[in-house]
Amino acid sequence: MVSLLFPGSFDPFTRGHRDIARRAANLCDRLYVAVMNNSSKNNVFTLDERVAMAQKVLSDYTNIEVIGSDGLLVDIFKDLGCNAVVRGIRSETDFRYEAEMALANKMLYSSYDVTLLPCRDDLSLISSSIVKEVGALGGDISGMIPAEIAEEVKLRLRKGRT
Ligand code: PNS
């Protein structure tokens with residue numbers, strides 16, 4: 001049984017994230033999508049809200065389970081007995097970041113490994129940061145966010161406007 005782990009801060013979950021989750025789920029028996037915290041980012045949505053959004057978007061996929069954790073990635077990797085982590089990359093900058101993170105995680109746990117999936121061309125400009133910026137300024141983010149969560153994300157980002 002092959003199980004993969006797709007971690008991220010998912011603040012909020014984008015169409016790009018959904019595409020990586022869908023493709024990763026096709027590569028394994030079980031895909032865990034782990035909603036986590038990135039200490040270099042300020043999240044707009046709480047961990048529970050981000051878990052609920054990911055669950056809503058991925059509810060049709062029978063081999064995907066969404067979990068939330070405010071701990072270390074290697075700890076859930078180890079606890080769940082995963083074969084590898086999956087991450088999507090949009091650019092060379094993403095690749096460098098992923099290579100560094102993989103090295104650090106491997107130092108923490110020698111059996112750690114990662115698979116990188118290049119993102120789809122038409123989704124390559126979407127990021128949670130762009131969604132937050134455009135949404136907070138009242139721009140149209142419907143093309144960037146899965147339809148299931150579009151309204152709640154729009155409302156929430158607009159509420160944050162001063
Ligand atoms: O979507 P992101 O923000 O690029 O995801 C980064 C994330 C959450 C996977 C990373 O920050 C992470 O693994 N956080 C959990 C804490 C941890 O293990 N940090 C060490 C990373 S080397």
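**Notebook: rings, ligand and core**

I started at Phe77, which counts as buried at 2% relative accessibility. Note to self: this is a predicted model, and I looked everything up with that in mind.

**Ring pairs**

I counted ring pairs with centres within 6.5 Å and got 4 aromatic pairs. I took Phe77 with Tyr109 to begin with: the ring centres are 6.0 Å apart and the planes stand at 70 degrees. Planes over 60 degrees apart count as edge-to-face, so the Phe77–Tyr109 pair goes down as edge-to-face. Which parts of the chain does this pair link? Phe77 belongs to helix α3 (residues 73-80), while Tyr109 is in the loop between α4 (92-108) and β5 (114-118), so I logged distant parts of the chain, 32 residues apart. I also checked Tyr109 for cover, and its relative accessible area of 24% makes it partly exposed.

Phe77 has another partner, Tyr112, with ring centres 5.1 Å apart and planes at 50 degrees. That angle is neither under 30 nor over 60 degrees, so I wrote this pair down as tilted. Tyr112 is also in the loop between α4 and β5, so its pairing with Phe77 in α3 ties together parts that are 35 residues apart in sequence. Is Tyr112 buried or exposed? At 2% relative accessibility, Tyr112 counts as buried.

Elsewhere I found Phe6, Phe10 and Phe13 linked into a cluster by ring pairs. I noted a charge over a ring too: the charged end of Arg30 sits over Tyr32, 5.8 Å from the ring centre.

**The loop between β1 and α1**

Phe10, from that cluster, made me stop at its backbone. Its phi is positive, about 50 degrees, although Phe10 is not a glycine. Phe10 lies in the loop between β1 and α1, and a relative accessible area of 2% makes it buried. Pro12 lies in that loop between β1 and α1 as well. Which way does the peptide bond from Asp11 to Pro12 go, cis or trans? I read it as cis, with omega near 5 degrees.

Moving on to helix α1, I found its N-terminal end capped by Thr14, with a side-chain oxygen 3.2 Å from the backbone nitrogen of Gly16. I listed the buried residues of α1, among them Gly16, His17, Asp19 and Ile20.

**Ligand**

How many residues are around the ligand? I counted 14, and Ser9, Asn38, Lys41, Leu73 and Arg87 come nearest. I then went through some polar contacts. A ligand oxygen is 2.9 Å from a side-chain N or O atom of Asn38. For Lys41, a side-chain N or O atom is 2.8 Å from a ligand oxygen. With Leu73 the partner is a polar backbone atom, 2.8 Å from an oxygen of the ligand. On its own the ligand has 540 Å² of accessible area, and the protein covers 82% of it.

**Nonpolar core**

The largest nonpolar core holds 33 residues. I wrote down the ones that touch the most other members: Phe13, Leu31, Val33, Leu58, Val131, Ile145 and Val153. The elements that give two or more residues to this core include strands β1 (3-8), β2 (30-35), β3 (64-68) and β4 (84-89). Helices α1 (15-25), α2 (47-58) and α6 (147-159) are on that list too. Which element gives the largest share? It is α2, with 5 residues.

**Odds and ends**

I looked up Asn63, which sits in the loop between α2 and β3. A relative accessible area of 17% makes Asn63 buried, since the cut-off is under 20%. A polar atom of the Asn63 side chain lies 3.3 Å from the backbone oxygen of Cys28. The backbone oxygen of Asp29 lies 3.4 Å from a polar atom of the Asn63 side chain.

Cys82 is in the loop between α3 and β4 and counts as buried at 9% relative accessibility. I took its C-alpha distance to Val2: 7.4 Å in space, with the two positions 80 residues apart in sequence terms.

Last, Lys78 in helix α3 counts as partly exposed at 40% relative accessibility. C-alpha to C-alpha, Lys78 and Val114 are 13 Å apart, and they are 36 residues apart in sequence.

How values were computed. Residues numbered from 1 in each chain as written. Heavy atoms only, no water. Helix = DSSP H or I, 4+ residues; strand = E, 2+ residues; numbered from the N terminus. Buried < 20%, exposed > 50% of the residue type's maximum accessible area, 1.4 Å probe, protein only. Lys NZ or Arg CZ within 6 Å of the ring centre and 35° of its normal. Near = heavy atom within 4 Å. Polar contact = N/O pair within 3.5 Å; in protein donor to acceptor, adjacent residues only side chain to side chain. Areas by Shrake-Rupley, 256 points an atom, 1.4 Å probe, with all protein chains shown as cover. Core = buried A, V, L, I, M, F, W, Y, C linked by side-chain atoms within 4.5 Å.
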